[in-house]
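Biologist: I would like a close look at a single part of this model, followed by an account of what surrounds it. Please take the parts in order and keep the reasoning explicit.

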Amino acid sequence: MQLTPEEQEVLGNIRFIQTKRVVSGKIIQSLEAFRREADLLLDDQPATHWLKSRIRKGPKISRGENYGGLPYFVLDHPREFSISTDTLAIRTMVLWGNFYSFTLHVTGDLRTSIQQQLIQEKATFEQHYYCINHTPWEYHYESGNYRVLSELSNDQLKADLQSRDFTKLSIYHPLSDLEHLKSRGLAFYQKIISLNA
């Protein structure tokens, strides 16, 4: 095995790994704090609220090392992923070296009512990103995956909504703003909760 000087430096850098572990712990604590506040928002809703009534599984925080070759952290809450029935998820993601984001992902019957609300409430979400990809499993913000909702006319949005079997709406923030993850996430949740799906 032959290591470049840069690779040798990384291999010998214990401090980086120790710091990464501390940062990772703080990110998970932040996601847990946000989850608790999101629970309080949901608890304030009546049992018949469209979002609250569909939650059957508890929230889940997960982490990995290879989304586009980078470490990531994810909070799924709610997290109803199903091929045979509706999918309903709000995913909070922190991608190392890039951004943190909040994404609504819906499929199935629920998607129809969300689509109608999205068209009616387009001005509320005009700075959010709408997924134009053919797969719902990408979370980067390059042009082939998302477009800012305000860039789409109502007719374009209606046509695109009808052309795919999922709907994803997202917003992201720079990592330099990570201290505001909870408040930014709660603002996103509040907008989603206010939809009359």
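Which residues are exposed on the other side of helix 4?

Modeller: This is a predicted model, and the answer to your request is that Asp155, Gln162 and Ser163 are exposed on the other side of helix 4. The buried residues of this helix, which spans residues 154–163, are Leu157, Asp160 and Leu161. Viewed down the helix axis, these buried residues fall within an arc of 100°, so they line one face of helix 4. The partners against which the buried residues of helix 4 pack are helix 3 (109–120), strand 5 (129–131) and strand 7 (166–174).

One of these partners, strand 5, leads on to the aromatic residues. Tyr129 lies in strand 5, and a search of the whole structure finds eleven aromatic pairs, among which Tyr129 and Tyr146 form one that is edge-to-face, with 6.3 Å centre to centre and 75° between the planes. Because Tyr129 belongs to strand 5 and Tyr146 to strand 6 (residues 146–148), this pair ties together parts that are 17 residues apart in sequence. Both Tyr129 and Tyr146 are buried. The rings of Tyr141 and Tyr146 have their centres 4.8 Å apart and their planes at 15°, so this pair is stacked, and Tyr141 is buried as well.

Another partner of helix 4, strand 7, brings us to the nonpolar interior. The largest nonpolar core has 36 residues, and those with the most contacts inside it are Phe34, Trp50, Leu104, Leu149 and Ile192. Helix 4, helix 3 and strand 7 are among the elements that give two or more residues to this core, as are helix 2 (14–43), strand 4 (99–107) and helix 5 (181–194). The largest share, seven residues, comes from helix 2. As for Leu104, if residues up to four places away in sequence are not counted, its contacts include Ile114, Thr167, Lys168, Leu169, Phe188 and Ile192. Apart from the largest core lies another, of twelve residues, including Met93, Phe99, Val148 and Phe166.

Two residues named above appear again in an aromatic cluster, which is formed by Phe34, Tyr100, Phe102, Phe188 and Tyr189. Lys168, which touches Leu104, has its charged end over the ring of Tyr139, 4.0 Å from the ring centre. A further lysine, Lys20, lies over the face of Trp96, at 5.6 Å from the ring centre.

How values were computed. Residues numbered from 1 in each chain as written. Predicted model: local features only at pLDDT ≥ 70, side-chain atom pairs only at ≥ 80, totals over all residues. Heavy atoms only, no water. Buried < 20%, exposed > 50% of the residue type's maximum accessible area, 1.4 Å probe, protein only. Helix = DSSP H or I, 4+ residues; strand = E, 2+ residues; numbered from the N terminus. Arc of directions from axis to C-beta. Contact = heavy atoms within 4.5 Å. Phe/Tyr/Trp six-rings, centres within 6.5 Å; stacked < 30°, edge-to-face > 60°. Lys NZ or Arg CZ within 6 Å of the ring centre and 35° of its normal. Core = buried A, V, L, I, M, F, W, Y, C linked by side-chain atoms within 4.5 Å.
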